[in-house]
Amino acid sequence: MDLDVFVSAHRAEWDRLEALLRRQRRLSGAEADELVTLYQRAATHLSLIQTSAPDPQLTGRLSQLVARARSAVTGTRRASWRDVTRFLVHGFPAAVYKSRHWWVPTALLSTAVAALMGWWIGTHPEVQASIATPSELRELTRPGGQYETYYSSHPAASFAAQVWTNNAWAAALCLILGVFLGLPVIWILFQNMLNLGIGVGLMSSAGRLDTFLGLVLPHGLLELTAVFVAAGTGLRLGWTLIDPGPRTRRTALAEEGRAAIGMAIGLAVVLFVSGAIEGFVTPSGLPTWARITIGVVAELAFLAYVYVLGGRAARVGETGDVEAAERSATVPTAA
């Protein structure tokens with residue numbers, strides 16, 4: 001493409017679009033139709049330039065012009081409770097459901113790794129010795145030791161808030177850092193499984209694995225599921241960089257990125273529930289079976305939410321992305 005010739009051929013249309021935008025509140029019907037037509041042409045021109053002859057200055061001008069025109073054509077819309085309901089009932093569960101081929105294998109593999117590390121630590125005293133001194137290990141694992149008192153070391157409300165903040169941040173990092181080919185996600189996930197494996201190994205070596213699982217399972221089932229969903233989605237985002245499929249890489253990243261942002265918000269809600277369980281149920285005086293039952297019910301409720309509501313929404317085309325009217329205009333690009 002000869003950029004100078006292209007600009008000379010279309011500059012008048014861009015200038016006319018800019019003039020119409022300056023007086024958009026006083027347009028006649030014919031001028032409003034003209035604005036829409038010029039907006040569509042300018043969007044096409046921008047796409048052609050970005051594909052065939054990228055010029056930073058011209059791209060910047062046209063991007064601003066197209067954005068202003070799009071705002072004038074579509075108008076602005078404030079978020080409403082309808083958007084919140086749509087997100088919770090359709091968007092978020094559908095996004096989790098559609099990414100199940102990533103987070104379910106992630107969950108299975110991570111759990112296997114944690115179990116293997118727990119077995120290795122629990123059956124090798126020399127490994128335990130490298131973690132802490134014998135007196136420190138006894139303090140961690142004895143009845144009333146640090147593993148047990150950790151969950152009641154702070155007031156329930158503040159502890160739940162702290163746990164929720166930490167977990168929500170870890171999930172957000174998995175989603176955001178997935179764009180770096182998923183490598184940071186693997187590291188974050190490994191750190192979580194290592195901490196779990198150490199607890200399993202040390203408490204099993206002390207003959208108190210049942211106590212440890214009784215403390216971890218009530219909140220851990222839902223909490224770890226949320227972490228696995230975040231990690232799987234982050235890995236999928238990283239894979240999109242490598243293989244965007246039939247979409248352009250820019251379009252694929254935009255779609256997956258918007259869905260990931262929505263996932264971060266939805267998972268923050270899920271982690272709020274698990275944090276509340278960890279703050280109020282785990283350290284409570286309820287019998288172990290009752291605490292674990294609460295955790296299992298919360299986990300099953302989440303899975304039903306994803307596979308029933310999410311599956312139904314996904315089958316009718318919901319992806320977890322924002323509504324079409326809220327996306328940037330997409331037009332055919334030159335080959």
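Which residues of the largest nonpolar core touch the most other members? The legends below start there and then step back to the whole chain of this predicted model.

**View 1. The busiest spots in the largest nonpolar core.** This core holds 37 residues, and the ones touching the most other members are Phe92, Val96, Met263, Leu267 and Phe302. Seven helices each put in at least two residues: H4 (81-98), H5 (100-123), H9 (156-176), H10 (183-205), H11 (209-242), H12 (249-281) and H13 (288-315). H11 chips in the largest share, with 8 residues.

**View 2. Zooming in on Phe92 and its company.** Who does Phe92 contact once its neighbours within four places in sequence are set aside? The list runs to Phe87, Gly262, Met263, Gly266, Leu267, Val270, Phe302 and Tyr305. Met263, Leu267 and Phe302 turn up again here, having already been named with Phe92 among the core residues that touch the most other members.

**View 3. A second core, off on its own.** Separate from the first, this core has 18 residues, including Val7, Leu38, Ala42 and Ile49.

**View 4. Thr51, in helix H2.** Helix H2 covers residues 29-52, and Thr51 has its place there. Is Thr51 buried, partly exposed or exposed? Its relative accessibility is 38%, so Thr51 counts as partly exposed. Measuring across to Phe92 in the model gives 33 Å from C-alpha to C-alpha, with the two positions 41 residues apart in sequence terms.

**View 5. Two domains, side by side in the legend.** Domain 1 takes in residues 3-74, while domain 2 takes in 81-316. How many Å lie between their centres? Taken over C-alpha atoms, the centres of domain 1 and domain 2 are 47 Å apart.

**View 6. Pulling back to the whole chain.** It's helices from end to end of the element list: 13 of them, and 0 strands. The radius of gyration comes out at 26 Å, well over the 20 Å that the globule rule gives for 335 residues, so the chain is more spread out than a compact globule. Along the principal axes, the C-alpha atoms fill a box of roughly 80 × 40 × 35 Å.

**View 7. Surface and contacts of the chain.** Buried residues make up 40% of the 335. The chain exposes about 18000 Å², and 64% of that is supplied by carbon and sulfur atoms. As for contacts between residues at least 6 apart in sequence, 77% join residues at least 24 apart.

Methods: Residues numbered from 1 in each chain as written. Predicted model: local features only at pLDDT ≥ 70, side-chain atom pairs only at ≥ 80, totals over all residues. Heavy atoms only, no water. Core = buried A, V, L, I, M, F, W, Y, C linked by side-chain atoms within 4.5 Å. Buried < 20%, exposed > 50% of the residue type's maximum accessible area, 1.4 Å probe, protein only. Helix = DSSP H or I, 4+ residues; strand = E, 2+ residues; numbered from the N terminus. Contact = heavy atoms within 4.5 Å. Domains from an automatic or database assignment. Rg over C-alpha atoms; globule rule 2.2 N^0.38 Å. Areas by Shrake-Rupley, 256 points an atom, 1.4 Å probe, with all protein chains shown as cover.
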